[in-house]
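Biologist: I would like a close look at a single part of this protein chain rather than a tour of everything. Please pick one stretch and tell me what it touches and how far each statement can be trusted.

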Amino acid sequence: IKTLKLDCNSGIHFIPEYCAHGFFALKSTKFEYICVGKYKHKYERTINLSYDKYLKHYCNKVIMSDKDRSGYQVNEVKNIFKSVKW
């Protein structure tokens, strides 16, 4: 997992196709995703980082949507990727 701290002057951050990504705000924030191609909800997956060491580094209370809370745990995702034949 890599992190990058952005601010209003950071501009656009490119995330390669098929890479998992997320957004974590340290304060009330507005942001926008720009997608290449058509968004397909059926392919969306969620990774729940609520108890992960990466979020604990930034704060001790995480406010998260029900959708994000019901996502895969980080260890589950690591196991899924280990089984992929790249």
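Modeller: What follows is an account of strand E1 and the segment before it, set against the rest of the chain.

The model is a predicted one, and the confidence values come first. The mean pLDDT of the protein chain is 79, and 86% of its residues reach 70 or more. Among the elements, helix H1 (residues 53–56) has the lowest mean pLDDT, 64, while strand E2 (residues 72–73) has the highest, 88.

The setting is brief. The chain has three helices and two strands, and along the sequence these are arranged as β-α-α-β-α. Of the 86 residues in the protein chain, 10% are buried. Among contacts with a separation of 6 or more, 47% join residues that are 24 or more positions apart. The accessible surface of the chain comes to about 8700 Å², and carbon and sulfur atoms account for 55% of that surface.

Now to the part itself, beginning with the segment before strand E1. Glu44 lies in that segment, and strand E1 covers residues 47–48. The side chain of Glu44 forms a salt bridge with the side chain of Lys67, at 2.4 Å from N to O. Lys67 belongs to helix H2 (residues 66–69), so the pair ties together parts that are 23 residues apart in sequence. The general basis is simple: side chains of opposite charge can pair when their charged atoms come close. The cut-off for counting a salt bridge is a side-chain nitrogen of Lys or Arg within 4 Å of a carboxyl oxygen of Asp or Glu, and by this rule the model has one salt bridge. Neither partner is buried: Lys67 is partly exposed at 44% relative accessibility, and Glu44 is partly exposed with a relative accessible area of 27%.

Thr46 is also in the segment before E1. Buried means under 20% relative accessible area, and Thr46, with a relative accessible area of 14%, is therefore buried. Leaving out residues up to four places away in sequence, Thr46 touches Lys67, Asp68, Gly71 and Tyr72. Lys67 thus appears twice here, as a contact of Thr46 and as the salt-bridge partner of Glu44.

Within strand E1 itself, Asn48 is buried, at 3% relative accessibility. A polar atom of the Asn48 side chain lies 2.7 Å from the backbone oxygen of Arg69. With neighbours within four places in sequence set aside, Asn48 is in contact with Met64, Asp68, Arg69, Gly71, Tyr72, Gln73 and Val74. Asp68, Gly71 and Tyr72 are on the contact lists of both Thr46 and Asn48.

Ile47 is the remaining residue to place, and its surroundings include the surface. Together with Tyr72, Ile80, Phe81, Val84 and Trp86, Ile47 makes a nonpolar surface patch of about 610 Å². Ile80 lies in helix H3 and is partly exposed, with a relative accessible area of 39%. Tyr72 belongs to the patch and is also a contact of the buried Asn48.

Two further residues of helix H3 can be placed by their C-alpha distances to Ile47. Glu76 is in helix H3, which spans residues 74–82. The C-alpha atoms of Glu76 and Ile47 are separated by 9.0 Å, with the two positions 29 residues apart in chain numbering. Asn75 is in helix H3 as well, and its C-alpha atom is 9.8 Å from that of Ile47, the two being 28 residues apart along the chain. Glu76 is partly exposed, with a relative accessible area of 39%, whereas Asn75 is exposed, at 55% relative accessibility.

Definitions and conventions: Residues are numbered from 1 along each chain as its sequence is written. This is a predicted model: local features need pLDDT of at least 70, side-chain atom pairs count only at pLDDT 80 or more; totals for chains, interfaces and linings use all residues. Side-chain values use heavy atoms; hydrogens and water are left out. Helices (H or I, at least four residues) and strands (E, at least two) are DSSP runs, numbered from the N terminus. Buried means under 20% relative accessible area, exposed over 50%, partly exposed in between (1.4 Å probe, protein chains only). Contact means heavy atoms within 4.5 Å. Accessible areas come from the Shrake-Rupley method with a 1.4 Å probe; for residues, only the protein chains shown count as cover. pLDDT is the predictor's confidence in each residue, from 0 to 100. Patches are made of residues with over 30% relative accessible area and no salt bridge: like charges are joined within 9 Å, nonpolar side chains (Val, Leu, Ile, Met, Phe, Trp, Tyr) within 5 Å. A polar contact is a pair of N or O atoms within 3.5 Å; within protein, one must be able to donate a hydrogen and the other to accept it, and residues adjacent in sequence count only if both atoms are side-chain atoms.
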